[in-house]
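These are my notebook entries on two ligand sites. I looked up the neighbours and contacts of each ligand in turn.

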Amino acid sequence: MRSTFSTATVMVEPETSALGADARTLPRLLRGASADGAPLALDEHLATHGAVALERRRRRREAPPLIELVERAGLRGRGGAGFPTATKMLAVAAARGRAVVVVNATEGEPASLKDRTLCQLAPHLMLDGAQLAAQSVGADEAIVAVCESASASVEALEMAIDERRGLGGARLRLRTAPPGYVVGQESALVNHLSGRPALPSFTPPLPFEQGVARRPTLVSNAETYAHIALIARHGASWYRALGTAAQPGSALVTLSGPVANPAVYEIEQGASLSELIDAAGGTTAPVRAALLGGYAGSWIDGEYLRGVALSDEHLAPHGATLGAGVIALLSADACPVAETARVARWLAAESSGQCGPCVNGLGALASTVAEIASGDAGGDAVRRVQRLTGLVRRRGACGHPDGAARFVHSALETFAPEFTDHARHGRCEACAAPAELPLPAHPRGVSPRTGRVATR
Ligand SMILES: Cc1cc2nc3c(=O)[nH]c(=O)nc-3n(C[C@H](O)[C@H](O)[C@H](O)COP(=O)(O)O)c2cc1C
Ligand code: SF4
């Protein structure tokens with residue numbers, strides 16, 4: 001495994017020293033991962049992380065101690081919204097009927113590779129987490145959903161599930177999902193897994209009440225389950241020995257753009273972006289801005305990047321969150337207006353076509369941004385874009401229009417000078433050079449590499 005960044009300066013604080021010397025050491029999720037990208041086999045996984053007790057099902061009325069541990073650890077979901085995981089687990093455990101657990105490893109976000117990386121390098125940690133969560137919420141089945149185009153993940157998961165036969169725990173099933181951005185939205189995924197088209201539905205009922213086959217369903221992100229597996233082994237205090245008070249632990253992030261080593265990195269939550277970029281070998285071109293969270297995320301102007309810490313509390317003043325762990329740097333050589341137009345068009349095309357404001361609103365938004373980019377827009381085009389972003393928010397069955405509006409709104413703010421230049425002259429300074437390093441659109445073929453970075 002590549003480890004370009006030394007963590008030698010990291011101190012184990014007195015109050016955490018009883019937790020073991022490794023409590024403040026990275027990597028956690030990717031510990032033992034192989035440099036050649038081969039998945040950790042079951043025996044290697046057990047030698048690296050130790051065993052956990054897996055039972056088929058929680059006994060009736062038995063208190064679920066893991067949920068309490070997850071709550072004390074402060075784990076928040078890693079699929080984008082950062083919802084407290086224990087709250088969701090408690091709701092599923094309390095719901096009527098036999099529960100089911102769903103591992104959302106579909107990763108439709110074009111700038112993210114973290115879930116594929118986890119499935120490929122450490123499938124057993126994620127599967128441990130899914131079976132432990134199943135045990136806690138009273139589920140006898142855990143379904144791992146992965147995109148059918150992610151063949152290396154499918155292969156690694158098939159092998160891992162096969163290796164676990166006879167180990168006990170909830171029954172594991174692998175299901176592939178069709179490619180598509182909104183397929184990963186939880187109700188769309190539940191519909192797909194229930195034999196219906198993979199389209200979001202108007203809720204309620206939410207999956208925790210009525211999900212797969214109308215059963216109470218815990219849908220969480222692949223990385224979230226891997227953290228559950230660590231918390232079950234080491235406890236809440238160990239987990240909190242890294243990260244911030246509000247966002248404890250480590251996180252997988254996909255760093256892309258003009259850096260020497262674009263890759264998936266495991267970082268301490270709250271790590272500095274500068275240190276991460278240094279760990280990635282530094283930048284290879286001047287950076288105009290960074291997109292945080294994903295295509296539905298927010299931009300931060302390049303001039304602020306040196307001071308940014310990677311946790312939601314630190315990113316909030318910039319209007320950003322870490323979301324699904326995407327950090328995509330945009331080269332100063334790429335026209336940000338053309339990039340905004342390209343991503344807005346992509347997001348509009350990913351609409352599932354069910355809600356008028358999403359279909360028409362995102363289409364109009366993308367067309368207007370494209371007109372600005374090509375210099376064909378009228379003088380009020382930027383104001384029209386602003387109005388459209390306001391009109392589509394909270395107007396769909398799922399959060400897709402809100403994400404698209406957030407992305408475009410943030411682009412208007414961050415790239416205000418370039419938008420003004422395009423609106424007036426049809427071009428900006430960056431248009432003089434061809435866009436060499438635009439945002440990653442489909443990094444599917446990139447082989448994941450892992451590294452580590454820590455602060456403090
Ligand atoms: C348009 C859209 C796409 C989404 N895609 C994914 C995805 O690819 N993977 C994922 O885990 N969550 C995705 N989500 C979030 C899920 O709906 C859900 O909140 C998440 O899987 C819950 O996991 P967590 O609590 O561990 O974050 C998406 C949400 C929306 C609105
Ligand atoms: S808001 Fe858009 S993506 Fe979501 S269900 Fe409606 S049409 Fe589909």
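Which atom of ligand 1 lies 2.7 Å from a backbone N or O atom of Gly 79? I found that the partner is an oxygen atom of ligand 1. I took a polar contact as a pair of N or O atoms within 3.5 Å; within protein, one must be able to donate a hydrogen and the other to accept it, and residues adjacent in sequence count only if both atoms are side-chain atoms.

On conventions, I note that the model is predicted, that local features need pLDDT of at least 70 and side-chain atom pairs pLDDT 80 or more, and that totals for chains, interfaces and linings use all residues. Residues are numbered from 1 along each chain as written, chains are lettered from A and ligands numbered from 1 in the order written, and side-chain values use heavy atoms, without hydrogens and water.

Entry, ligand 1. I looked up two further contacts: an oxygen atom of ligand 1 is 3.0 Å from a side-chain N or O atom of Asn 104, and an oxygen atom of the ligand is 3.2 Å from a polar backbone atom of Gly 108. The protein buries 85% of the 620 Å² that ligand 1 exposes when taken alone (Shrake-Rupley method, 1.4 Å probe). I listed 18 residues around ligand 1, with Lys 88, Glu 186 and Thr 224 among the closest (a heavy atom within 4 Å).

Entry, ligand 2. I listed 13 residues around ligand 2. Ser 352, Gln 354, Cys 355, Cys 358 and Cys 398 are the closest.
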